[in-house]
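Welcome! Here are a few short exercises to work through with the model open beside you. Try each task before you read its solution.

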Amino acid sequence: MAKTKRAADADNLSIRTGLSEESIRLAFLDNLFYVQGRFLEVASPDDKYKALAFTVRDRLLHRWVSTIHTYKKLNPRTVCYLSAEYLPGPFLGNNLLNLGIEEPTRKALAGLGVDLDELIEYEEEPGLGNGGLGRLAACFMDSLATLQISAISYGIRYEFGIFTQAIRDGKQVETTDNWLRYGNPWEVRRPNVAYEVKLGGHTEQYVDEQDRFRVRWVPGETFLGVAIDTPILGHGVSTVNLLRLWSAEAAEGFDFHAFNRGDYYGAVTREVRSETISKVLYPNDEPEIGKRLRLLQQHFFVTCSLQDMLRIHHSTGMPIEDFHKKFSVQLNDTHPAIAVAELMRLLIDKQGLDWDTAWAVTRQTFAYTNHTLLPEALEKWSISLFENLLPRHLEIIYEINSHFLDEVRLHFPFDSTRVERLSIIDESGPRYVRMAHLACVGSFAINGVAELHSRLLKETVLRDFYALWPEKFQNKTNGVTPRRFMMLSNPGLASLLTTTIGSDWEHDLSKLRALEHYADDPAFQEHWRQIKHERKAALAAAIKQRCGVDVDPASLYDVQAKRIHEYKRQHLNVLHIITLYNRIKLNPAADIVPRTFIFGGKAAPGYFLAKLMIRLITAVGEVVNRDPDVAGRLKVVFLPNFSVKLGHGLYPAADLSEQISTAGKEASGTGNMKFSMNGALTIGTLDGANVEIREEVGADNFFLFGLNAEEVERTVADGYRPRDIYAGNAELKAVIDLIGSGLFSHGDRSVFQPLIDNLLQHDPYLLLADYAAYIACQEQVSAAYRDPARWTRMSILNVARMGKFSSDRTIGEYCRDIWRVTPTPVEL
């Protein structure tokens, strides 16, 4: 008997949205056939991956439509997150986890002879970010959706990521990160959501019909920003928020008249020039053309995002004066700071508001997160660049600055130098626009990202703003999502936690405190060590495959994985390795705890010393790994092209987490949290979030060394002489002399001389000052590792006490203290 139409429709709906094993199996085959145009026997890995991705995406879109319907009906206050980068990591595994369908999907595919793990491994990682800033933004997206907060994350859809890192002859080599070469099944292009982006030209003054003075921007060039959306699902809820990225396109892609004149190149020049804007993440901004493109990128995604918010706002029927009541806009560092001037332009020039009303709306809309204590990292752009690229914005910035400095003079009438320091325009030499100052002036809240960082902000780079507006300043210590960095990357540990204390910890990480009762339980400790060993064995296999180095899972995995930078001090870690190597060479029978030193991270292409640090790491590994005297007690590995996906294998396998930056230099760090959540112990300075991690896990469960921030400042002020420390420490001198001898550079003594000269003559990040304390602390690490029960207890307590460092907690604080938003539950 034939099915009724309603029954058939129900079956189709189930294939599109059902969560059962059979629904997923049918949907996979459906997408493979009708979307990919393949049948199973001839399908490539890419066909299978995309068929599964579209199967999962259907289920996301079902929830997305319900979310949009709910938001349209209830009109909640919405958080808009502006970030120049996002580093979400692969989507497939995370979406299966958040939907709760990993097991039925695995079974459905296995029945078809398809391995789910192979498809997860096949997925290309989106090249939308570089390091901690982008990964933090991605964690925040996860928590916003999980906490059911109405939110839109805005950024740029870069065609190429920062670069793919390879190691050749021990050196970093950068190749193109063409992450979109096979397409991206998770995104939805919205050609009808597109906005004009203006550049250059000049401004004209005029009087409107109401006899009001107005300014019109006559651009020299116009192109479009087109929306490309990715659904972001929360864990265990139906809320799907939006990651809306902008892709640059020519307003008129093909010049037909130029083509007919025989100017074939000119016919497409405008299209090529426009699309360059969203072509690559972080172009080299050393040359002037790179600076121009960087500022252009920032203006591009900011104006598209604000125009999009205005469109959404108009759809609610609310008056434009209430824009700040509908949206709270977070500036993720200084990259989107041009938004302050751009919103003023849109409100005054396009919406017709007077200056005072527009400024009141603007200052109640934006909040600013600062991510750096390094003055050189606070962006500033030359006046000439602004005049050439954004002439209307420069006029508005001048006006904002004039009003602002009048306010400063009222507060500090006899302090002209303070006025100069606070000015948005730096006039101490060549004139610049200080973007951090613009963000501070145009925002109602300013926050740092760790307690130490927030305190130092108020004492150093933003001290004048704190003196003026202390009420604006807050701290919001960073956090990371436990879904990706525990449940997804370490399923064995997650299963043990749930079996032992229940599943509430998945949404409330403070529940992990219940683990403390099991810290001394021998059976629980044994299970804990077994899970760690399995992860270490898996990483050993990956190291063998990627690097050709055999490592022992029983050795202590000593890991430092982060951006390569002098202040992060990967070279201090190398000094320790060579110290141990020297001890073995002096006494081949020395009793040294076997260690595998694992490094990962990229150096900026133009950062000579950082790239030389990578070369030193690989060179030391080349010598140590093949020296028969070492007898396997030391291994050194550099894992190329560190990424979120690589982190999935690294964080759960680490025994020791190296968080050894110079105190007072790291804003927060989030790698420290990911390692600790997976049971690694930390060796670190009192820098960034290390301070709070140590407070939470307990001083006895943290290996502390080195100068604190105040001592660093005092040491430098007193006239730091690194060569004196070198001369006074025989072991340190032997290490540096060995580097200079050419042992690690095939006899060429000149290779690492710039690094040695930097340390002995300047040592700006005080490696030599902290060397002796670091070596002594590493001996404490070795002593603890020799006692498995003690080490395991410390590991368990680290995990148990990491509740504070969930991004759910961080986002909850932003919602309460800055954005003033509450959850909007969504039902299917």
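Helices and strands here are DSSP runs, helices of at least four residues and strands of at least two, numbered from the N terminus. Keep in mind that this is a predicted model.

**Exercise 1. Place R569 in the chain, and decide whether R569 is buried or exposed.**

Solution.
- Step 1: R569 sits in the loop that runs between strand 17 (556–561) and helix 23 (570–586).
- Step 2: Look at the backbone. Phi of R569 is positive, about 65°, although R569 is not a glycine.
- Step 3: The relative accessibility of R569 is 0%, so R569 counts as buried.

**Exercise 2. Do the same for D763: where does D763 lie, and what is its phi near?**

Solution.
- Step 1: D763 belongs to the loop between helix 31 (753–761) and helix 32 (767–785).
- Step 2: Its phi is near 45°, a positive value in a residue other than glycine.
- Step 3: With 1% relative accessibility, D763 counts as buried.

**Exercise 3. Find how helix 12 and helix 15 are arranged, and which residues make their contact.**

Solution.
- Step 1: Two packed helices are described by the angle between their axes and the distance between the axes.
- Step 2: For helix 12 (residues 339–350) and helix 15 (residues 391–411), the axes come within 9 Å and cross at roughly 100°.
- Step 3: Angles of 65 to 115 degrees count as roughly perpendicular, and helix 12 and helix 15 are therefore roughly perpendicular to each other.
- Step 4: Helix 12 brings V340, A341, E342, M344, R345, I348 and D349 to the contact, while helix 15 brings R392, H393, I396, I397 and I400.
- Step 5: Sorted by class, this contact has seven nonpolar, one polar and four charged residues.

**Exercise 4. Compare the expected and actual end-to-end spans of helix 3 and helix 34.**

Solution.
- Step 1: Helix 3 (residues 45–74) has 30 residues and should span 44 Å at 1.5 Å a residue.
- Step 2: The end C-alpha atoms of helix 3 are 43 Å apart, which agrees.
- Step 3: Helix 34 (residues 807–819) has 13 residues, and a straight helix would reach 18 Å; its end C-alpha atoms are only 16 Å apart, short of that value.
- Step 4: Now check what follows each helix. N75 comes after helix 3 with a positive phi near 50°, and R820, just after helix 34, takes a positive phi of about 55°.
- Step 5: At the start of helix 34, a side-chain oxygen of S806 reaches to within 3.1 Å of the backbone nitrogen of D808.
- Step 6: Buried residues in helix 34 include D808, I811, Y814 and W819.

**Exercise 5. Describe the surroundings of H313: which residues does H313 touch, leaving out those up to four places away in sequence?**

Solution.
- Step 1: H313 lies in helix 10 (residues 288–316).
- Step 2: At 0% relative accessibility, H313 counts as buried.
- Step 3: Not counting residues up to four places away in sequence, H313 touches M318, P319, I320, D322, F323, K326 and F327.
- Step 4: For P319 there is a further detail: the side chain of H313 reaches the backbone oxygen of P319 at 2.8 Å.

How values were computed. Residues numbered from 1 in each chain as written. Predicted model: local features only at pLDDT ≥ 70, side-chain atom pairs only at ≥ 80, totals over all residues. Heavy atoms only, no water. Axes fitted to C-alpha atoms, helices over the stretch in contact; angles between N-to-C directions. Parallel < 35°, antiparallel > 145°, perpendicular 65-115°, else oblique. Contact = heavy atoms within 4.5 Å. Nonpolar A, V, L, I, M, F, W, Y, C, P; charged D, E, K, R; others polar. Buried < 20%, exposed > 50% of the residue type's maximum accessible area, 1.4 Å probe, protein only. Polar contact = N/O pair within 3.5 Å; in protein donor to acceptor, adjacent residues only side chain to side chain. Expected span 1.5 Å × (residues − 1).
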